[in-house]
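Me: Let's go through this structure by question and answer. Keep each reply short.

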Amino acid sequence: KMVEKAGFDPSKIVKEGWLFKQSKYLKEWRKRWFVLTPTALLSFKEYKKYGKATETIEIGQCKTVKSVEEELNKKFAFKLDTKTRTFLLQAENYADKESWIGALGKAMVRPTVLKDDSEDEYEIQYVVPSLK
């Protein structure tokens with residue numbers, strides 16, 4: 001039952017690890033276990049416990065991912081812009097930050113197969129983010 005509960009297939013994990021995320025309202029930095037799949041970036045409160053995600057960001061909604069160390073004056077910080085919200089994230093070190101930016105950028109460039117409910121045709125869309 002694990003897969004259904006998690007809402008994603010653990011065998012499809014592209015990358016996972018600890019990141020700090022700034023909370024939406026209180027602006028506090030909270031440590032979360034992040035999981036990147038081909039279709040979403042999910043965060044969880046505990047290490048490898050894929051119960052209820054504290055956040056689910058659909059890759060199809062993502063526009064850009066880039067370093068924001070200077071503008072936030074915070075080491076290893078980067079931001080993920082979606083169509084509706086900006087997520088501020090912080091990695092534990094430089095290599096980790098670069099690795100997450102690379103993995104997210106790659107996931108965004110990947111062709112997303114979208115199924116239109118009204119038809120049975122699959123439409124492939126290429127989403128190319130601007131990487132800075």
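**Fold and contacts**

Reply: The protein has 3 helices and 9 strands. The model is a predicted one.

Me: In which pattern do the helices and strands follow along the sequence?
Reply: There are 3 helices and 9 strands to place. Read from start to end, the order is α-β-β-β-β-β-α-β-β-α-β-β.

Me: What share of the residues is buried?
Reply: Buried here means under 20% relative accessible area. The protein has 132 residues, and the buried share is 39%.

Me: How much surface does the protein expose, and what part of it do carbon and sulfur atoms supply?
Reply: The exposed area is about 8,300 Å². Of that, carbon and sulfur atoms supply 51%.

Me: Among contacts between residues at least 6 apart in sequence, what percentage joins residues at least 24 apart?
Reply: The count starts from contacts at a separation of at least 6. Those that join residues at least 24 apart come to 37%.

**Salt bridges**

Me: How many salt bridges does a search of the whole structure find?
Reply: One of them joins K12 and D9. Another joins E55 and K21. The search of the whole structure gives 10.

Me: How far apart are the closest N and O atoms of K12 and D9, and are the two residues buried or partly exposed?
Reply: The closest N and O atoms are 3.7 Å apart, and K12 and D9 form a salt bridge. K12 has a relative accessible area of 47%. D9 has 28%. Both values lie between the 20% and 50% cut-offs, so K12 and D9 are partly exposed.

Me: Which parts does the salt bridge of E55 and K21 tie together?
Reply: The two side chains meet at 3.0 Å, N to O. E55 lies in strand β4 (residues 55-58) and K21 in strand β1 (residues 15-22), so the pair ties together parts that are 34 residues apart in sequence. Both E55 and K21 are buried. The parts tied together belong to β4 and β1.

Me: Where does R85 sit, and how far is it in sequence from E55?
Reply: E55 also forms a salt bridge with R85, with the closest N and O atoms 3.4 Å apart. E55 is in strand β4, while R85 is in the loop between β6 (77-82) and β7 (86-90). The separation is 30 residues.

Me: Why do E55 and R85 count as buried?
Reply: The cut-off for buried is under 20%. E55 has a relative accessible area of 17%. For R85 the value is 18%.

Me: Which residues do salt bridges that share partners join into one network?
Reply: E55 has a bridge to K21. E55 has another to R85. The network is K21, E55 and R85.

**Aromatic rings**

Me: How many aromatic pairs does a search of the whole structure find, and what is the geometry of W18 and W33?
Reply: The search finds 3 aromatic pairs. W18 and W33 are 5.2 Å apart, centre to centre, with 80° between the planes. That makes the pair edge-to-face.

Me: Which strands hold W18 and W33, and which of the two counts as buried?
Reply: W18 lies in strand β1 and W33 in strand β2 (residues 29-36), so the pair ties together parts 15 residues apart in sequence. W18 counts as partly exposed at 23% relative accessibility. At 6%, the buried one is W33.

Me: Which residues do ring pairs link into a cluster?
Reply: W33 and Y47 form an edge-to-face pair, 4.6 Å centre to centre with 75° between the planes. W33 is in strand β2 and Y47 in the loop between β3 (40-44) and β4, 14 residues apart. Y47 counts as partly exposed at 48% relative accessibility. The cluster is W18, W33 and Y47.

Me: Which residues lie over the rings of W18 and W29?
Reply: Over the face of W18, 4.9 Å from the ring centre, lies K31. Over the ring of W29, 4.8 Å from its centre, sits the charged end of K74.

**Helix α3**

Me: What are the expected and actual spans of helix α3?
Reply: Helix α3 (residues 94-109) has 16 residues. At 1.5 Å a residue, the expected span is 22 Å. The end C-alpha atoms agree with that, at 23 Å.

Me: What covers the buried residues of α3?
Reply: The buried residues of α3 include W100, I101, L104 and M108. Their cover includes β1, β2, β3, β5 (62-67), α2 (69-72) and β6.

How values were computed
Residues are numbered from 1 along each chain as its sequence is written. This is a predicted model: local features need pLDDT of at least 70, side-chain atom pairs count only at pLDDT 80 or more; totals for chains, interfaces and linings use all residues. Side-chain values use heavy atoms; hydrogens and water are left out. A salt bridge is a side-chain nitrogen of Lys or Arg within 4 Å of a carboxyl oxygen of Asp or Glu. Buried means under 20% relative accessible area, exposed over 50%, partly exposed in between (1.4 Å probe, protein chains only). Helices (H or I, at least four residues) and strands (E, at least two) are DSSP runs, numbered from the N terminus. Contact means heavy atoms within 4.5 Å. Accessible areas come from the Shrake-Rupley method with a 1.4 Å probe; for residues, only the protein chains shown count as cover. Rings of Phe, Tyr and Trp (its six-membered ring) pair if their centres lie within 6.5 Å; planes under 30 degrees apart count as stacked, over 60 as edge-to-face and the rest as tilted. A charge sits over a ring if NZ of Lys or CZ of Arg is within 6 Å of the ring centre and within 35 degrees of the ring normal. The expected span of a helix is 1.5 Å times one less than its number of residues.
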